[in-house]
Amino acid sequence: MQGCMSTSIAATREEISALRNRLEDDRRIRHNREACEALATIANGHPASRATRRTIDGIRDGLEVEMAKARRTAAELELRERQFALCLQSIFDLKSMLAEDSVGDMGNFDLGAEGEHGEED
């Protein structure tokens, strides 16, 4: 009877040990499941990655369009600056020519008046 009781106690201890291990495994599984559910809740709070990628691609496309416009505008501005500088240079040259002509005409007018009268006489 003693041997039967020892065997029964040993079997019960093994069963208790197995149940403790199973309880630990179940607790670990439950903890992991709760953690996964918490992460899923957080992930579901954000938009889908496809939608985010589409939005980012749309923004990039818009940015490329705007950058191209900026480059065209900068090139046009550079052209206008060169045209303006050329215009100012032309005005300066014309003023210089007019100043030279008026000084030359004044001198020629005096000389020309005497020369004309001298030739006619």
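A salt bridge is a side-chain nitrogen of Lys or Arg within 4 Å of a carboxyl oxygen of Asp or Glu. Arginine 82 and glutamate 78 fit that description, with their side chains meeting at 2.8 Å, N to O. The model in which they meet is a predicted one.

## The chain as a whole

Start with the overall picture. The chain has 121 residues, and 0% of them are buried. Its secondary structure consists of 2 helices and 0 strands. Helix H1 covers residues 2-44, and helix H2 covers residues 49-120. The accessible surface of the chain is about 11400 Å². Carbon and sulfur atoms account for 59% of that surface.

## Salt bridges in helix H2

How many salt bridges does the structure hold? The count is 5. Side chains of opposite charge can pair when their charged atoms come close. Three of the bridges are set out here, including the pair from the opening.

| Salt bridge | Closest N and O atoms |
|---|---|
| Glutamate 66 and lysine 69 | 3.5 Å |
| Arginine 80 and glutamate 76 | 3.5 Å |
| Arginine 82 and glutamate 78 | 2.8 Å |

Now place these pairs along the chain. Glutamate 66 and lysine 69 both sit in helix H2, 3 residues apart. That spacing is about one turn of the helix. Arginine 80 and glutamate 76 also lie in helix H2, with a spacing of 4 residues, about one turn. Arginine 82 and glutamate 78 are 4 residues apart in helix H2, again about one turn.

Next, look at how open each partner is. Glutamate 66 has a relative accessible area of 44%, so it is partly exposed. Lysine 69 is partly exposed because its relative accessibility is 39%. In the second pair, arginine 80 has a value of 49% and is therefore partly exposed. Its partner, glutamate 76, counts as partly exposed at 44%.

The third pair is split. Is arginine 82 exposed or buried? Arginine 82 has 51% relative accessibility, so it counts as exposed. The cut-off for exposed is over 50%. Glutamate 78 has 40% relative accessibility, so it counts as partly exposed.

## The start of the chain

Where is methionine 1? Methionine 1 belongs to the segment before helix H1. Why does methionine 1 count as exposed? It does so because its relative accessibility is 83%. Methionine 1 also helps to make a nonpolar surface patch. The other members of this patch are Met5 and Ile9. Together the three residues give a patch of about 390 Å².

## Cysteines

Two cysteines can be described in terms of exposure. Cysteine 4 has a relative accessible area of 56%, so it is exposed. Cysteine 87 has 40% relative accessibility, so it counts as partly exposed. How many disulfides are there? The count comes to 0.

## Summary

This predicted model has 2 helices and 0 strands, with 0% of its residues buried. It holds 5 salt bridges and 0 disulfides. Met1, Met5 and Ile9 make a nonpolar patch on the surface.

Conventions. Residues are numbered from 1 along each chain as its sequence is written. This is a predicted model: local features need pLDDT of at least 70, side-chain atom pairs count only at pLDDT 80 or more; totals for chains, interfaces and linings use all residues. Side-chain values use heavy atoms; hydrogens and water are left out. Patches are made of residues with over 30% relative accessible area and no salt bridge: like charges are joined within 9 Å, nonpolar side chains (Val, Leu, Ile, Met, Phe, Trp, Tyr) within 5 Å. Accessible areas come from the Shrake-Rupley method with a 1.4 Å probe; for residues, only the protein chains shown count as cover. Buried means under 20% relative accessible area, exposed over 50%, partly exposed in between (1.4 Å probe, protein chains only). A disulfide is a pair of cysteine sulfur atoms within 2.5 Å.
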